[in-house]
Structure formats: C-alpha cells, structure tokens
Amino acid sequence: MTAAAEGAPPLRMTRARRNALLQSEPVQGFALISPTFLYALILLVLPILVVIAHSFWTQNYLTIDRTFTLENYRAALTEPIYRDLLWRSLYISLTVSLLTVLLAYPIAYFISFHGGRHKSLWLFLITIPFWTSYLLRVMSWKVILGYNGVLNSGLIGLGIIDEPSTALLYNSSAVIITLTHAWAAFAILPIFVSLEKIDRTLVEAATDLGDGPFRSFLRVTLPLSAPGIISAALIVMIPTVGDYVTPKLVGGKDGVMIANAIQAQFGKASNWPLGAALSVTTMMIVTLMAGATVLIIRAAQRLAR
C-alpha cells in the first residue's frame, strides 16, 4: 500500500516550483490579458460584429432595387397621400413662421428700444425655456392642451365651456401652437440683433420731420429691420417643415407631416428609395419656398420705401 493510500498528507508546492510555474510562457501570456485589454478587445470586435450582422440582415431581409428610375419621384409628387402631407407640412411651416415673427417682433422691439440697461437680463429670460429638453416642452404642451389638461380645466372653471373639448389636441392647430412656442426664441434673437444695428438718429430725424411714431416705424424701423425678419422666418420655416417629434406627439392623424411619412418608409415599410425620393423632393421644395420668401420680403421692403 502506498503512502497516499495510507492517508499521508498531500505534497505541497515548494516556492521554487511555484516561481518556476509563474515564469513559464503560458502563465505569463495569460497574465498579459488584463481587464483593460479585454475591454479594448470588446470595443474593437463589437463594431465588426454589428457590421457583419447588419450586412447579413440587409442581404437576407432587405433587398434594395438599385435600377435607375424616376418612378419614386413620380410617386412622391403625384400620390395623393404624399402630396397632401407635403402641402400640410408647408402650410404648417409657413403658418408657424408667420406667427412666430409676429409674436417675436414686438418682444425684440421692446427689448431693443425700451430694455435700457436690462437688455441682457431680458435676453437671459428668453433663453430659460431652452434649459429643458425639446421633448419635455412638447410633452408640456400635450398636458396643457389635453382633454383633462390645464386649458380645458381653466375654460370649464371660467364657465366658457361645459365639458372638456377634444379640438385642442391631436390636430394641425396643436402642432402649430407647439412649434410656435418652441421656435419663438430663434426668431426673437435675429430680429433683436437687426434692431440693435439701426441708427437711432434716423428715427429721431423722422420724428423731427413730422412723422409720428407709427409712421416712422413703418418708414424707418421696419425696413431697416427686414434682414432680421428674413433671417427669423427662414430659421423657423426650414426646420419646421421636417419636424418629426411634434406631429408624432401632439398631431395625431390630422397633424401628420411629411417627415413622419419619410420615417415610415425608412422604418416599417423598408422602402428606402421612396423615402430618399420624398426627402430630396421636400428639400428642393423647401429651397424654392425659402428663395420665394426672401424675394417677397425684399419686394415688400422696396414698396414700403
């Protein structure tokens, strides 16, 4: 019977054998694989795996017809659903631009001509809403305009209506109200800068020559501030045509815009060529509309002189 069978104590690894084992090449190679190395390896391999998976999914589940054709552009311009969505988007965008400029101009005028030494404070207060997320501001309007929202509750409390109205939310009007509030500051700032550049002596000269406040405003202040008005209108109009979040949250079926249709083509419909055609068509129409807006405002400026 051997010593191990007789219950002899197990042999212990001596220090010399342990050091020899730690100095062997396999163990040293394993020791080099630190957590940092593993993390870097994952960051390197993970994008490659994602690209491979995307290529596999595209080849097996998404087939794009790359044949050159103008059929998608014809559909984008002639299909009733896309044409109606595009016209609705342009209507909402122009309405928001007009309302935003009309609301922003008096505020910018007050700050520029009557703000005194508190101009910086007024501009600071205007930027406060932008401290919160755009999504939170849209959701706030959803709460205000909702069936049991603040506005309905206030109208019921004043006795103006007997029951909550459903006409305040999930329509084009809700989209227009939300976008007008969201883009107001973007219109105030360029108009304010334009008003600040006006030489005050010109306004005083018009007053000395017999013009009243309203006439001097129409003949001096308004034409000289036209660059700020044009900038504000374009800054608001161009992004609002392609807005996606606001119609999605407060528009409902009556407030859907062209951006929602484009997202659907790139998403669930998986019709990327049509989505690209809709995007390019919208971009070209917005460019033409922006150029027309500039020409109209400049023509009105020349007529006012």
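Okay, let's start with the pocket. The largest one is lined by Leu94, Ser97, Leu98, Val101, Leu102, Tyr105, Pro106, Ile229, Ala233, Met237, Thr293 and Ile297. Keep in mind that we're looking at a predicted model.

So where do those residues come from? Helix H5, residues 80-114, helix H13 and helix H16, residues 272-304, are the elements that each give two or more residues to that lining. H5 gives the most, with seven residues. In terms of character, the lining has ten nonpolar residues, two polar ones and no charged ones. And how much space lies in the largest pocket? About 290 Å³.

Now, let's stay with H13, since it has a neighbour to talk about. H13 covers residues 226-241, and H12 covers residues 213-224. Their axes come within 4 Å and cross at roughly 50 degrees. That angle is neither under 35 degrees nor in the 65 to 115 range, so H12 and H13 count as oblique to each other.

Which residues meet there? On the H12 side you have Leu222, Pro223 and Leu224, and they meet Ala226, Pro227 and Ile229 in H13. That contact is made of six nonpolar residues, with no polar and no charged ones. Ile229 is worth finding on your screen: it's in this contact, and it also lines the largest pocket.

Last, let's zoom out to the whole chain. There are 16 helices and zero strands. Of the 305 residues, 32% count as buried. And if you take the contacts with a separation of 6 or more, 71% of them are between residues 24 or more positions apart.

Methods. Residues are numbered from 1 along each chain as its sequence is written. This is a predicted model: local features need pLDDT of at least 70, side-chain atom pairs count only at pLDDT 80 or more; totals for chains, interfaces and linings use all residues. Side-chain values use heavy atoms; hydrogens and water are left out. Axes are lines fitted to C-alpha atoms, for helices over the stretch in contact, and angles run from 0 to 180 degrees between N-to-C directions. Angles under 35 degrees count as roughly parallel, over 145 as roughly antiparallel, 65 to 115 as roughly perpendicular and the rest as oblique. Contact means heavy atoms within 4.5 Å. Ala, Val, Leu, Ile, Met, Phe, Trp, Tyr, Cys and Pro count as nonpolar, Asp, Glu, Lys and Arg as charged, and the others, Gly among them, as polar. On a 1 Å grid over the protein atoms alone, a cavity is a set of points where a 1.4 Å probe fits but cannot get out, and a pocket is an open set with protein on both sides within 12 Å along at least five of seven lines; lining residues have an atom within 4 Å of a point. Grid points are joined across faces, edges and corners, and a volume is the space filled by probe spheres set on the points. Buried means under 20% relative accessible area, exposed over 50%, partly exposed in between (1.4 Å probe, protein chains only).
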